[in-house]
Amino acid sequence: MTWTGDYSQCHNCKEVYPFAITECPCCHSPCSTYIVQASNGFPGSRRFELLGEQKQVLTLPPKGAVLIKGGAGSGKTLVAVKRAEYLTNNYSDMFQRASVAIFAYNKELVREIENLVSDTSVQIFNIDAWVYRLLRSNGARLTMLNDTELRAFRAEAKQRAFADISTRAIAKKTDEFYEAEIKWLKGRRITTLEQYKSTKRTGRGTEDRVTSGDREYLWRMHEGYNSILRLHGIRDWEDRVIDALAIVERPSFRPPYTHIVIDEAQDFSFAKIALVRHLVSPQTESITIVADSAQQIYQSGFSWSELGIKVVGRSVEFKRNYRNTRQISEAAYSLIAHEKDDGDFTRMENAVQEGSKPLVVQGDEIWNERVLLTALKSFPQTEDAVLAVPTRKMFPHMEEILQGAGIKITKSASDVKTSGSVRLSTFHALKGLQFMHVFLWGVTDKYFPTVNVDPDEVSKSRKLLYVAMTRAMQKLTIFTTPQPAQMIADIDPSKINFKIMSKEQSGRFA
C-alpha cells in the first residue's frame, strides 16, 4: 500500500485522490494537487493518509469485533495499519495499557506492513511464524516439513482409500484438491466422519460435486494420511495450528494483546482465526477483521458467526478503488465476474484515474523474454516494478535472464530497494502489495488450467490472477503463449490490448 507521486483534494467535497487531477470526478469542482514522493523502498518523504470512506475506520468501536470489507485497491492494508496505530494512541488507558498486534497471512505482506507502520510499539506477525514461536517456547520439537514428502504421503493415503472405487470421479481428483480438503478439515477442527458430513463445505465448492458417499472415502483418505504422519513422527502445518490452539485454550493462558488487527483475513483458516481470537484480552475483545472474499486464494471460507464473532451492525465496506486505473480495474473485474459463488463479494466502483489498457503479449518464450527485457529497461528508474511468476522454481531462470541484461533484482520487501531494480515475486506473494508497473509471466494453461480441472481449482486460479492484476497502479502487462490461456479468454477482450509476437516485432515493445 505505497503510493508514488501526487495526490489531489477537491475544494468542495474534500474528497482525496492518490493521483494528480484538476477536477473532482464526483462533483466536478476544482482540485488542488500536492506532491508526495514515496514508493516501495525508494528514499523520500513518506505520507500515508486515510482517504474519503477509509476515514470511517477511526469511528469504529474500540471494544468488540469489527469487520472492514473492501475490494482490491480500496486501501485495506493502509486501513489496517491506521486502525492499529489509532487504537495504540487513543485507547491505552481505557481498559489497560494497549498492546496492539497486526497478523497477516504471507511474509511479504508482513514486510510491507512493517514499512507502513510508524508506531514501533505495534507488533506485526506472520501467523505461521507466531505459531512456530509459541510451540517452540512451549517445548515442542518441530521437524522441518518437506512438501515432496507430504505429497507422497497423500498419494499413499489416496491409493489405499480409493482402491475399490478407482474409476469414480472422486478418486480422480488432483493432489491439489486432496491437499486443500485435508487442510480444510483440519482448519475447521473436524474430528469425526459424522461432523464432516454435517458441516457445509464453505469455500470448498457446492454439494453436488462431493456427495455424502464421497465424503466417506475422503475421510478414509484423511485418516490414512494422519496415520502415515504419526508413523513418521511428523505434524504438518495444520496440526501445528491445532497444537497452538490447545495451548491458548488452557485456563492458565493469559492473552498478550488488548487489540488485534487481522489483515487479509479471508485467507486465514477457521482454526487460525480461532487461535487469534484467544490472543486478545477478554476485557476488550477488540478484533478488527480486514477482508475481501473476492481475493480469497487459499479456499478457507467460513462465516464469522461460526467462530462466535459478532460483526452484524459493526462493519464498514469500502467500494472505491484508489489504486488502479479505470482500464486495469475494468479488465480485472471482467475476469472475477465469472465467479459464481460471489454472494459476499464487495461490489467495487471502477477507478477514476485514466491510463492505458492492460497489454497481453502472446509469443513463444524466447520472444516474450526479449519483450520483457525491453519493457523492464524502459520504465523510469524512479518508479517501481514487479515481475511475478507462477512458482519459485522459475526464479533461477528469470534471475539469469534479468541479470544477464544488467537488470537489478530484489526478491522481498526486506531487501534494500535500489533505483531501477525490479522485484521478483510469485503470484501468491503479491497479496496486499502494489507497484506502478506489474509484469505477469507464465499465464498459460499449464499454470492456470481450466479444462479437466475441478471447478474449485479453476476458481482459485481465477482469484489468484485477479489479485495479481489488481496490484498494478499504472501499467499491467500479461505474458502468455501464442495460443492464449483460456483464463485470458475470461477477460473481456474489449478491456485489453493484444500484442502477437514475431521475430520482427520482438525488439519493438510499446
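Where does Asp236 lie? In this predicted model, Asp236 is found in the loop between α7 (212-232) and α8 (237-248). The tour returns to that loop at its last stop, after the chain as a whole and its two sheets.

**The whole chain**

Begin with the entire protein chain displayed as a cartoon. Its secondary structure consists of 14 helices and 16 strands. Of the 510 residues in the chain, 56% are buried. Colouring the accessible surface by atom type shows an area of about 22500 Å², 49% of which belongs to carbon and sulfur atoms. Contacts between residues at least 6 apart in sequence are largely long-range, since 76% of them join residues at least 24 apart.

**The six-stranded sheet**

Next, select strands β4 to β9. These six strands form an open sheet with parallel pairing, in the order β6-β5-β7-β8-β4-β9. At its edges are β6 (123-126) and β9 (315-318), each of which pairs on one side only. From one strand to the next, the twist averages 15°.

Move to the β6 edge and add residues 100-104, which form strand β5. Strands β5 and β6 run parallel and are joined by four bridges. Within this pair, Phe103 stands opposite Phe125 of β6. Then show helix α3 (residues 127-137), which packs on the sheet and touches β5 and β6. The direction of α3 makes about 90° with that of β6.

**Strand β8 and its partners**

Select residues 286-291, strand β8. How many of the residues of β8 are buried? Six of the six are, so the strand is largely enclosed by the rest of the structure. In general, the side chains of a regular strand alternate between the two faces of the sheet. With side chains displayed, Ser286, Thr288 and Val290 are seen to point one way from β8, while Ile287, Ile289 and Ala291 point the other way.

Now display the strands that pair with β8. Strand β4 (residues 65-70) runs parallel to β8 and is joined to it by five bridges; here Ala65 stands opposite Ile287. Strand β7 (residues 259-262) is also parallel to β8, with four bridges between them. The bridge partner of Ile262 in β8 is Ile289. Add helix α9 (residues 270-277) to complete the view: β7, α9 and β8 make a right-handed β-α-β unit.

**Val81 in helix α1**

Select Val81, which is found in helix α1 (residues 76-90). Is Val81 buried or exposed? Its relative accessibility is 2%, so Val81 counts as buried, the cut-off being under 20%. Leaving aside neighbours within four places in sequence, Val81 is in contact with Ile102, Ile113, Leu116 and Val117. A C-alpha distance drawn from Val81 to Leu116 gives 7.2 Å, although 35 residues separate them in sequence.

**The seven-stranded sheet**

Turn to the later part of the chain and select strands β10 to β16. They form an open sheet of seven strands with parallel pairing, in the order β12-β13-β11-β14-β15-β10-β16. Strands β12 (409-410) and β16 (497-500) stand at the edges with a single partner strand each, so one side of each has no neighbour in the sheet.

Zoom in on β10 (residues 359-362) and β15 (residues 472-480), which run parallel and are joined by four bridges. Val361 stands opposite Phe479 of β15. Then add helix α12 (residues 395-404), which lies across β11 (385-389), β12 and β13 (422-426). Helix α12 runs at about 165° to β13.

**Gln434**

Select Gln434, in the loop between β13 and β14 (435-440). With 2% relative accessibility, Gln434 counts as buried. Show Arg323 alongside: a polar contact of 2.8 Å joins the side chains of Gln434 and Arg323.

**Back to Asp236**

For the final stop, centre on Asp236, which counts as buried at 2% relative accessibility. Which residues does Asp236 touch, not counting those up to four places away in sequence? They are Leu145, Lys186, Tyr225 and Leu229. A polar atom of the Asp236 side chain lies 2.9 Å from the backbone nitrogen of Asp239. Finally, select Leu142: it is 94 residues from Asp236 in sequence, and the C-alpha atoms of the two are 9.7 Å apart in space.

Methods:
Residues are numbered from 1 along each chain as its sequence is written. This is a predicted model: local features need pLDDT of at least 70, side-chain atom pairs count only at pLDDT 80 or more; totals for chains, interfaces and linings use all residues. Side-chain values use heavy atoms; hydrogens and water are left out. Helices (H or I, at least four residues) and strands (E, at least two) are DSSP runs, numbered from the N terminus. Buried means under 20% relative accessible area, exposed over 50%, partly exposed in between (1.4 Å probe, protein chains only). Contact means heavy atoms within 4.5 Å. Accessible areas come from the Shrake-Rupley method with a 1.4 Å probe; for residues, only the protein chains shown count as cover. Two strands pair if DSSP finds at least two bridges between them. Axes are lines fitted to C-alpha atoms, for helices over the stretch in contact, and angles run from 0 to 180 degrees between N-to-C directions. A crossover is right-handed if, with the strands pointing away from the viewer, the path from the first strand over the helix to the second runs clockwise. A polar contact is a pair of N or O atoms within 3.5 Å; within protein, one must be able to donate a hydrogen and the other to accept it, and residues adjacent in sequence count only if both atoms are side-chain atoms.
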